[in-house]
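Reader: I should be grateful for a close look at one strand pairing in this model and at the elements that it joins. Please then set that part beside other packing in the structure, in one connected account.

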Amino acid sequence: MRSVNREDGPVKVTGAARYAADHHPAGLVYGYVLTSTVARGTIAGMDTGPAERAPGVVAVYTPFNSLELRPDVRDDTAEPFAPLQDTRVRYYGQVIGLVVAETFEQARDAAALVTTRYDAERPRASFAAGLPAAVPPPGGTPETDVLAPGVASIDEALAASDVTVTATYTTPAETHVAMEPHATVASWSGDRLTIYTASQGVRLAVERLTESLGIDAAQIHVINPYVGGGFGNKWGTWAHTPLTAAAARALDRPVKTVLTREQVFTVIGHRPITSQTVSLGAAVDGTLLAVKNDGISSKSAANAFYEPVADLSLALYGSANLHVSRKIVTMDVPATTIMRAPAESNGSFALESAMDELADALGMDPLDLRLKNDSPIHPVSGLPWSSKHLEECYRLGAERFGWSRRNPRPGAVLDGDWLVGLGMATATFGASRSQASIEVRLRDDGRAVVSGAAADLGTGQSTVFALLAADVLGIPVDRITPVLGDSATPPAANAGGSGSTSANGPAVRLAAQAAKEAVVKLAAEHEKSPFRGEAVTYADGEVRGGDDAMPFGELLALLGVPEVEVTATSPRHPRREHAFRSFGAHFCEVRVNRWTGEPRVSRWLCVVDAGTIVNVKTARSQIAGGVIMGIGQALLEDLRIEPETGRFGNATMADYLVPVNTDIPPIDVDFLNYPDTLLSELGARGIGELSIVGAAGAVANAIHNATGRRVRDLPITLDKLL
Amino acid sequence: MRAFGFAAPSDLSDAVGLAGDESAFLAGGTTLVDLMKLEVLAPEQVIDINRLPLRGIQAGPDGLRIGALERMEDVARHPAVAGPYPVIAQALLLSASPQLRNMASIGGNLLQRTRCGYFRDVATPCNKRSPGTGCPAQSGDNRGHAILGTSSSCAATHASDLAVTLVALEASVRLRGADGERTMPLADFYLPPGDTPHLENRLRPGELVTEVIVPPLPWAGTSVYVKVRDRQSYEFALASAAVAVDLHDGLVRDARVAVGGVGTVPWRLPAVEAALRAGRSHEDAAALAAAGARPLAGNAFKVTLVQRAVLRALKELAGPR
């Protein structure tokens with residue numbers, strides 16, 4: 001396994017990397033969005049006079065003085081409705097205006113002068129109150145059953161089990177709080193739009209703007225090479241982006257809109273609230289006989305996305321009988337959307353806690369219970385897993401972590417004033433290979449440019465481009481220039497669904513291979529080529545023929561050919577004969593203060609089976625990052641919705657807690673590195689989401705081992721342990 | 001943020017003379033600038049006091065004197081503080097982040113505003129920010145709010161860790177205004193909300209905190225600040241306890257106890273101190289820590305938590321008893 005530094009490390013740590021908000025085209029003016037302060041109703045009127053008269057103000061757009069924008073009817077994770085096209089308020093914090101001024105401060109200060117009158121209605125803002133009336137999602141499948149021959153229902157299978165456990169697990173709304181707030185800089189040249197916008201895929205922004213602005217995709221150029229984190233919140237294209245583009249068109253001046261940190265909480269979507277009632281039935285030897293999960297998720301009335309939270313229960317452990325149901329509670333809250341491992345992160349907390357409770361009921365070690373139910377086939381489709389080494393993750397992890405030293409009796413280990421417990425859980429996330437196109441240009445200076453409209457959210461994707469191209473071309477990594485985040489380059493895979501490397505990796509290799517072949521052909525055929533007519537080969541960055549060899553850059557310079565350019569496309573994998581998933585095993589130690597109840601994670605190990613690891617250094621950061629986010633999910637994160645008003649009660653970074661350095665112990669990561677050659681020749685599956693799945697369950701299980709308390713409601717804050 | 005006038009006087013009388021009803025003093029700026037950006041505060045004039053001669057940390061026969069412009073980090077690391085008053089140093093170092101502690105002044109720390117989310121969001125009512133508009137915290141998001149000293153008008157928690165320790169140590173503040181100078185025990189300085197939560201202390205308009213005076217307490221070296229919060233750093237207290245004990249042969253002969261994160265003002269606990277002086281067990285004494293508490297829907301756990309924080313502090317100082 002190779003391990004190299006990020007190719008973009010130096011520009012990022014020196015501040016030279018230009019993020020979306022760092023662009024200042026000539027004549028730039030600044031937008032500041034206005035947001036609603038009721039959760040449901042209509043806007044009766046807005047007094048914009050004082051704002052329009054404020055210093056530096058260029059324009060104030062509202063539903064009463066709007067910009068032309070069209071709805072986006074595609075199935076999306078963001079909002080289908082266009083901002084300012086009607087007076088309807090769908091949630092607290094919705095964009096209801098845009099103030100544009102010569103400076104950011106002038107726009108912000110003028111925005112504070114706008115007064116808005118509402119005809120407010122009572123919002124549906126309590127998940128608990130909505131639970132009894134939860135319904136299946138429109139257009140979705142209400143339930144899925146897999147039953148053994150002769151078994152009439154999942155409840156029959158549970159009744160026939162030797163041991164059963166049933167409990168309800170709940171998780172709060174969460175939000176991504178990526179370091180970079182959303183920002184858009186839009187400028188027009190005639191009917192052509194250039195836009196810098198924080199995005200997990202520049203083509204996603206093109207698609208949305210095509211719909212919103214009613215122009216052709218060829219007129220839109222989206223550029224965004226650097227992204228300060230996404231976690232799903234920059235997959236959708238949110239209201240400020242089309243609004244900024246439309247304002248720039250109307251004013252014939254470039255416009256920049258940066259959301260404030262507080263605005264990001266509501267203008268951008270969040271992870272839904274969930275409730276899962278899980279029943280597990282097993283034989284005395286631990287063999288699962290029945291898995292039942294009735295999942296309910298909150299869903300915003302403002303957009304279409306919902307989270308089928310129980311579905312992971314269909315995929316993780318083998319069982320002759322499985323049942324999952326899906327329901328939603330519709331709420332007048334900001335968009336519910338994807339966030340790192342949507343559905344599976346919340347789903348695993350319930351399933352992995354329930355597995356621990358079942359192990360207790362069976363008097364079995366939780367690790368042995370998981371080993372017992374490790375399935376060689378997908379429990380629903382019956383397809384064999386392409387490459388699954390979960391058992392090795394369990395065994396290796398247990399050995400390395402010292403799992404055998406775990407005291408099975410809860411609350412039995414005290415170190416000073418701290419109760420100490422160990423917990424474990426399974427990590428997993430689905431894998432796929434989508435279509436991806438990559439362009440490689442071999443240049444006469446001996447460098448190679450590798451381009452594709454992918455995104456590096458801080459994941460290391462651009463370094464993956466460089467590493468894989470360097471391998472194929474036989475040149476040092478630092479002679480590769482990756483170009484990501486430009487919609488003018490070929491359609492590579494966007495950054496989502498842990499699918500960047502699995503799709504783009506094979507495409508980079510194909511394109512680099514094609515570039516080699518193109519330069520070989522050029523060497524053999526070009527009239528000025530010293531290799532003309534010879535049997536030409538390529539190795540280690542050199543073209544070879546007869547007894548001669550020449551680096552490709554020298555050859556191109558000699559021939560007067562500035563560059564050789566090829567594009568290759570790696571097709572989508574049909575996934576007909578195998579099931580594809582990544583797996584892993586979490587082990588952690590948690591300490592809980594016996595007096596004041598604070599839970600503190602003190603040790604962590606994650607053993608990963610995700611196929612080929614292209615770059616250990618950045619892959620390790622991805623896995624550690626997912627674990628850190630999982631610790632936040634387990635112990636801290638809780639986006640509180642006021643049931644009366646629909647307002648987020650803690651929509652600031654001071655009040656919405658994510659872990660800080662002192663909350664995070666050393667995180668040990670180990671990769672098995674077995675290539676999944678059924679997915680691609682490269683054999684890489686994807687690691688962006690894998691390690692958050694199971695992390696919160698592992699913490700909950702360790703806390704139970706430490707204290708004897710089973711907390712089934714996240715986050716596990718100290719008040720639940722007093 | 002609204003446009004404002006700015007002055008940076010270097011003379012104390014000039015600073016006090018410039019101040020009026022619509023002015024604000026700027027020291028570290030870690031509260032003021034935040035709240036101006038949020039439009040919670042919109043002073044017409046900002047008076048930068050960083051040039052004033054309000055520095056110095058000195059231990060003398062009448063106790064420890066700390067100039068109001070000394071920075072939190074500097075005070076925490078000063079030998080006249082860290083050795084004789086560990087509770088002060090710990091309270092400071094458990095506050096904020098190093099970046100904030102390097103900026104924030106001691107006077108400003110004592111005057112920092114509450115972290116109540118309604119106070120800081122001008123789109124919501126708040127009796128402290130806009131008298132008479134109401135208090136959404138009574139029935140809204142109130143997990144972090146106070147259980148002691150609250151009223152139906154306000155349940156905002158006093159945010160300063162330092163103030164809790166200084167109240168326990170019976171410190172005073174020196175004040176300078178247009179009418180001259182006065183000194184006041186810090187315990188008397190803060191006002192519980194009652195019907196007037198916008199009045200947080202006894203500062204007169206234009207008056208300035210110039211110095212903090214901590215009287216000598218020979219056994220303050222046996223002191224600790226226990227701060228309990230959801231995350232381990234960079235967060236305000238859910239409950240905290242500043243405790244100093246006069247320990248003889250493992251027995252507590254005298255004690256100072258104040259708690260934070262639970263009160264609308266820094267909350268001294270004379271009943272707990274009396275119980276300890278009377279030789280009662282740590283558990284019995286700590287059980288008195290939340291006497292008179294009026295919890296709201298989301299913060300009832302603080303009753304137990306503050307008792308445990310006091311107990312934990314006592315056990316750390318005096319061992320199990």
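**A hairpin and its neighbours**

Author: In this predicted model, D415(A) faces W418(A), a residue of β17(A), across the strand pairing. The strands concerned are β16 (residues 414–415) and β17(A), which run antiparallel and are joined by two bridges. Two residues separate these strands in the hairpin, and G416(A) adopts a positive phi near 65° there.

From the hairpin one may follow β17 of chain A, which spans residues 418–430. Is this strand mostly covered or mostly open? It is mostly covered, for twelve of its 13 residues are buried. β17(A) also pairs with strand β25 (residues 581–593) of chain A, in the antiparallel sense and over 13 bridges. Within that pairing, T426(A) has A585(A) of β25(A) as its bridge partner.

Elsewhere in chain A, five strands make up an open sheet of mixed pairing, in the order β7-β15-β14-β13-β8. Because β7 (143–146) and β8 (163–171) of chain A stand at the edges with a single partner strand each, one side of each has no neighbour in the sheet. From one strand to the next, the twist averages 10°. At the β7 edge, β7(A) and strand β15 (residues 322–331) of chain A are antiparallel and share four bridges; T144(A) lies opposite V324(A) of β15(A). Helix α9 (residues 344–362) of chain A packs on this sheet, where it touches β8, β13 (274–282) and β14 (288–300) of chain A. The direction of α9 makes about 150° with that of β8(A).

Packing between helices offers a further view of chain A. Helix α6 (residues 202–213) and helix α7 (residues 240–251) of chain A have axes 10 Å apart and pack at an angle of about 55°; α6(A) and α7(A) are therefore oblique to each other. The crossing of α6(A) past α7(A) is right-handed. On α6(A) the contact is formed by A205(A), R208(A), L209(A), S212(A) and L213(A), and on α7(A) by T241(A), P242(A), A245(A) and A246(A). By class, the residues of this contact are six nonpolar, two polar and one charged.

Finally, chain A also meets a second chain. Here 24 residues of chain A are in contact with 22 residues of chain B. On the chain B side, helix α12 (residues 301–318) contributes the most, with seven residues. That side of chain B comprises eight nonpolar, five polar and nine charged residues.

Terms used
Residues are numbered from 1 along each chain as its sequence is written. Chains are lettered from A and ligands numbered from 1 in the order in which they are written. This is a predicted model: local features need pLDDT of at least 70, side-chain atom pairs count only at pLDDT 80 or more; totals for chains, interfaces and linings use all residues. Two residues are in contact if their C-beta atoms, placed from the backbone, lie within 7 Å. Ala, Val, Leu, Ile, Met, Phe, Trp, Tyr, Cys and Pro count as nonpolar, Asp, Glu, Lys and Arg as charged, and the others, Gly among them, as polar. Axes are lines fitted to C-alpha atoms, for helices over the stretch in contact, and angles run from 0 to 180 degrees between N-to-C directions. Angles under 35 degrees count as roughly parallel, over 145 as roughly antiparallel, 65 to 115 as roughly perpendicular and the rest as oblique. A crossing is left-handed if the near helix is turned anticlockwise from the far one by less than a right angle, and right-handed if clockwise. Two strands pair if DSSP finds at least two bridges between them. A residue is buried if 20 or more other C-beta atoms lie within 10 Å of its own, exposed if 12 or fewer, and partly exposed in between; C-beta atoms are placed from the backbone.
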